[in-house]
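Please walk through this model with me, starting from its empty space and ending at a single side chain. Keep the sequence and the 3D view side by side.

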Amino acid sequence: MSGLIGKKVGMTSLFDANGKNIPCTVIQAGPCVVTQVKTEKTDGYNAVRIAYNEKSGKNIGAPLKGHFNKAGVNPHAKLVEFKSFKDEKSLGDSITVDLFAEGEFVDISATSKGKGFQ
């Protein structure tokens, strides 16, 4: 299962061939950087940890600074781990939307901001 990290940019709508209005969410996905490659031998399972949304290293703790320095990349805001990545990746590789084919269906999960009773 390959994956990519992104963020919601906004909403728009498209019209199909019959003139039906279809609401669409616009997502800015990638580029993401590989920060760790986990293997069966070292970690007990296979996975790839990727980072998204580069940010200043001023507000990052020492353990994360060490993690990013080991990978040779600048600090990022979001880290996600994907098990059984499709292709072989190495530290510092960049992953873009070229990972997906045009017209391919994707599964998306998100975290809500949780604004309460607003």
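The largest pocket holds about 1300 Å³ of space. This is a predicted model, so the pocket belongs to a prediction. Rolling a probe the size of a water molecule over the atoms shows where empty space is left.

What lines the largest pocket? Its lining counts 32 residues. Nearest the centre lie L4, G6, D107, I108 and S109. Sorted by class, the lining has 16 nonpolar residues, 8 polar and 8 charged. Several strands contribute. Strand 1 (6-15), strand 2 (21-29), strand 4 and strand 5 each supply at least two lining residues. Strand 5 gives the most, with 5 residues.

Strand 4 and strand 5 lead on to the sheet. Here 4 strands form an open sheet, in the order 5-4-3-6, and the pairing is antiparallel. At the edges sit strand 5 (76-83) and strand 6 (94-95), each paired on one side only. Strands of a sheet pair through backbone hydrogen bonds, either parallel or antiparallel.

Now take strand 3, residues 32-38. Towards strand 4 there are 5 bridges, and the two strands run antiparallel. One residue to find on this side is V37, whose bridge partner in strand 4 is V48. Towards strand 6 there are 2 bridges, again in the antiparallel sense. There, C32 has I95 as its bridge partner in strand 6.

Next, add the helix. Helix 2 (residues 62-71) lies across strand 3, strand 4 (47-54) and strand 5. Relative to strand 3, helix 2 runs at about 95 degrees.

Is strand 3 mostly covered or mostly open? Mostly covered: 5 of its 7 residues are buried. T35 is found in this strand. Why does T35 count as buried? Its relative accessibility is 3%, and buried means under 20%, so T35 falls within the cut-off.

Which residues does T35 touch, leaving aside its neighbours within four places in sequence? The contacts are R49, I50, A51, H67, F68, A71, V73, L79 and L91. Place them on the elements already met. R49, I50 and A51 fall within the span of strand 4, 47-54. H67, F68 and A71 fall within helix 2, residues 62-71. L79 falls within strand 5, 76-83. From T35, then, the contacts reach strand 4, helix 2 and strand 5.

Notes. Residues are numbered from 1 along each chain as its sequence is written. This is a predicted model: local features need pLDDT of at least 70, side-chain atom pairs count only at pLDDT 80 or more; totals for chains, interfaces and linings use all residues. Side-chain values use heavy atoms; hydrogens and water are left out. Two strands pair if DSSP finds at least two bridges between them. Contact means heavy atoms within 4.5 Å. Axes are lines fitted to C-alpha atoms, for helices over the stretch in contact, and angles run from 0 to 180 degrees between N-to-C directions. Buried means under 20% relative accessible area, exposed over 50%, partly exposed in between (1.4 Å probe, protein chains only). On a 1 Å grid over the protein atoms alone, a cavity is a set of points where a 1.4 Å probe fits but cannot get out, and a pocket is an open set with protein on both sides within 12 Å along at least five of seven lines; lining residues have an atom within 4 Å of a point. Grid points are joined across faces, edges and corners, and a volume is the space filled by probe spheres set on the points. Ala, Val, Leu, Ile, Met, Phe, Trp, Tyr, Cys and Pro count as nonpolar, Asp, Glu, Lys and Arg as charged, and the others, Gly among them, as polar.
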